[in-house]
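This briefing gathers computed features of one protein chain for a reader who has the coordinates at hand. It begins with the surface and then turns to the charged pairs, the cysteines and the interior.

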Amino acid sequence: MPLPILALAIASFCIGTTEFVIMGLLPEVATDLGVSIPSAGLLVTGYALGVVIGAPVIAIATASLPRKPVLIGLAMLFVVGNFFCAIAPNYWMLMIARVITALGHGAFFGIGSVVAASLVPRHKRASAIALMFAGLTLANILGVPAGTALGEIYGWRATFVAVVAIGIAAVAAIVFLVPPATGEQKGSGILSEVKVLGKLQVWLAMLISALASGSLFAVFTYIKPILTDVSGISTTSVTWVLLLFGAGMTVGNVIGGKLADWKLMPTVIWTLAAVVLTHILLAEVSGMATAAVATVFLWGVLTFVIVPPLQMRVVETAEDAPNLAATLNQGAFNVGNAAGAWIGGAALTLGVSYQHLPFVGSFLAAAGLLVAIYSLRIDRKARHGGVVPGEGQGLSVKSLAGR
């Protein structure tokens, strides 16, 4: 891993731990601050809203600034935000600190992915983005369990103190390892960034991101009752299954980067098709513990195979002004997170069983697949002067094998 990308990976590990560790600390936070667990759960929602709100605002505000100082500033925002989380005297101060911390989340991953792509040759750009996102996947395997254990032993505030220490290390790594003037775009500014939003392909890429994320969270939000009530797995064993899912995410992240460098849009299309089938498979085998666990691992792999190519797709379609689009794509993922969880909950309320909930995720992934195929058709039509390969016969397997 090139050292500048390692610096970005350290920061993404810090950010990922910050976002997800609160889920393992909800009982401790609720007891200490005198609120209910559902109220403490809103700290997750507050963070997600901070990501969605902060992403476009910060991307536009920093459009004319050099990228390295922006990344340093965003990493420092995480340090300060987590410090105030650690010393928050009450629930509402903790909520405010969480939202402030989240404001830089989308912008960091958006701008960071642009920087990572600029540090390597063109044919390795998606792999570079995947390496940066490796910190996020490792946060789910190492950071969240370790942070949860630390909070259970020494109190939840100790976890945020530890995150502050990692954040300081990330700031130092960016300062010393990321070169100045990294991949600065020519003639970029607020106007150039906003103009990118007039491109249909940028919006289609973000729509695919939202649908892919929605398909995941429509089911993953309720994975614990699926595993315990349907698969018959003990509550204590669920943690190990989730770690296996995280390991799958890490494997998928690496695979996704390499496949996207080879064939970007075909990777998106075939992965979404595989996600559709995996959800169906999960619904069919969820009553068998061993098969369900194996399917969860496969699901974890596919979940992150698609992340690097989607982020790379946004960077490519945005061309010379990718900051805002790449950042908004992170907001799209978070919109998908929230929408997917809501859709899954609504399906359960309407009477869908836990066993059949994966079919809802399959439907959302299929919608993303259709959008991806449509986006590829537009590409091919533009590339071949208005002639779409296989026009009138649909997209054949051969036509999907091209970039």
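Which helix gives the largest share of the nonpolar patch? That share, 3 residues, comes from helix H8. The model discussed here is a predicted one, and the values below were computed from its atoms.

**Nonpolar surface patch**

- Leu 3, Leu 6, Val 175, Phe 176 and Leu 177 together make up a nonpolar patch on the surface, and their joint accessible area is about 450 Å².
- Two elements, helix H1 (3-24) and helix H8 (156-177), each give two or more residues to this patch.
- Val 175, one of the patch residues, is located in helix H8, and with a relative accessibility of 35% this valine counts as partly exposed.

**Salt bridges**

- The structure contains 2 salt bridges, and each of them is described here with its location and its degree of burial.
- One salt bridge pairs Arg 157 with Asp 32, where the closest N and O atoms are 3.4 Å apart; Arg 157 belongs to helix H8 and Asp 32 to helix H2 (residues 26-33), so that the pair, 125 residues apart, links distant parts of the chain.
- In this pair Arg 157 is partly exposed at 26% relative accessibility, and Asp 32 is likewise partly exposed, with a relative accessible area of 43%.
- Another salt bridge joins Arg 313 to Asp 379, with 2.8 Å between the closest N and O atoms; this pair also links distant parts of the chain, since Arg 313 sits in helix H15 (residues 307-318) and Asp 379 in helix H17 (residues 358-383), 66 residues apart.
- Are Arg 313 and Asp 379 buried or exposed? Both residues of this pair are buried.

**Cysteines**

- How many disulfides does a search of the whole structure find? The search finds 0 disulfides.
- Cys 14 takes part in no disulfide, and the nearest cysteine sulfur, which belongs to Cys 85, is 11 Å away; seen from Cys 85, which is also in no disulfide, the nearest cysteine sulfur is that of Cys 14.
- Because a disulfide requires the two sulfur atoms to be within 2.5 Å, the 11 Å between the sulfurs of Cys 14 and Cys 85 rules out that pairing in this model.
- Cys 14 is buried, with a relative accessible area of 3%, and Cys 85 counts as buried at 1% relative accessibility.

**Nonpolar cores**

- The largest nonpolar core comprises 82 residues, and the residues with the most contacts inside it are Phe 108, Phe 133, Ile 174, Val 268 and Leu 272.
- When neighbours within four places in sequence are left aside, Phe 108 is in contact with Leu 8, Ala 11, Ser 12, Ile 15, Leu 71, Leu 74, Ala 75, Ser 113 and Ile 174.
- Apart from the largest core lies another core, of 18 residues, which includes Ala 30, Leu 43, Leu 94 and Ala 97.

**Buried helix positions**

- Val 276 is placed in helix H13 (residues 264-285) and counts as buried at 13% relative accessibility; its C-alpha atom is separated by 8.4 Å from that of Phe 359, although the two residues are 83 residues apart along the chain.
- Beyond its neighbours within four places in sequence, Val 276 is in contact with Ser 362, Ala 365 and Ala 366.
- Gly 300 is found in helix H14 (residues 289-305) and is buried, with a relative accessible area of 0%; the C-alpha atoms of Gly 300 and Val 275, which are 25 residues apart along the chain, are separated by 9.9 Å.
- With neighbours within four places in sequence set aside, the contacts of Gly 300 are Phe 245, Gly 248 and Met 249.
- Ala 212 lies in helix H10 (residues 200-220) and is buried, with a relative accessible area of 12%; Ala 212 and Leu 364 are 152 residues apart in sequence, and C-alpha to C-alpha they are 7.1 Å apart in space.
- Which residues does Ala 212 contact, leaving aside its neighbours within four places in sequence? They are Leu 272, Ile 306 and Leu 310, and Leu 272 also appears among the residues with the most contacts inside the largest nonpolar core.

How values were computed:
Residues are numbered from 1 along each chain as its sequence is written. This is a predicted model: local features need pLDDT of at least 70, side-chain atom pairs count only at pLDDT 80 or more; totals for chains, interfaces and linings use all residues. Side-chain values use heavy atoms; hydrogens and water are left out. Buried means under 20% relative accessible area, exposed over 50%, partly exposed in between (1.4 Å probe, protein chains only). Patches are made of residues with over 30% relative accessible area and no salt bridge: like charges are joined within 9 Å, nonpolar side chains (Val, Leu, Ile, Met, Phe, Trp, Tyr) within 5 Å. Accessible areas come from the Shrake-Rupley method with a 1.4 Å probe; for residues, only the protein chains shown count as cover. A salt bridge is a side-chain nitrogen of Lys or Arg within 4 Å of a carboxyl oxygen of Asp or Glu. Helices (H or I, at least four residues) and strands (E, at least two) are DSSP runs, numbered from the N terminus. A nonpolar core is a set of buried Ala, Val, Leu, Ile, Met, Phe, Trp, Tyr and Cys residues joined through side-chain atoms within 4.5 Å. Contact means heavy atoms within 4.5 Å.
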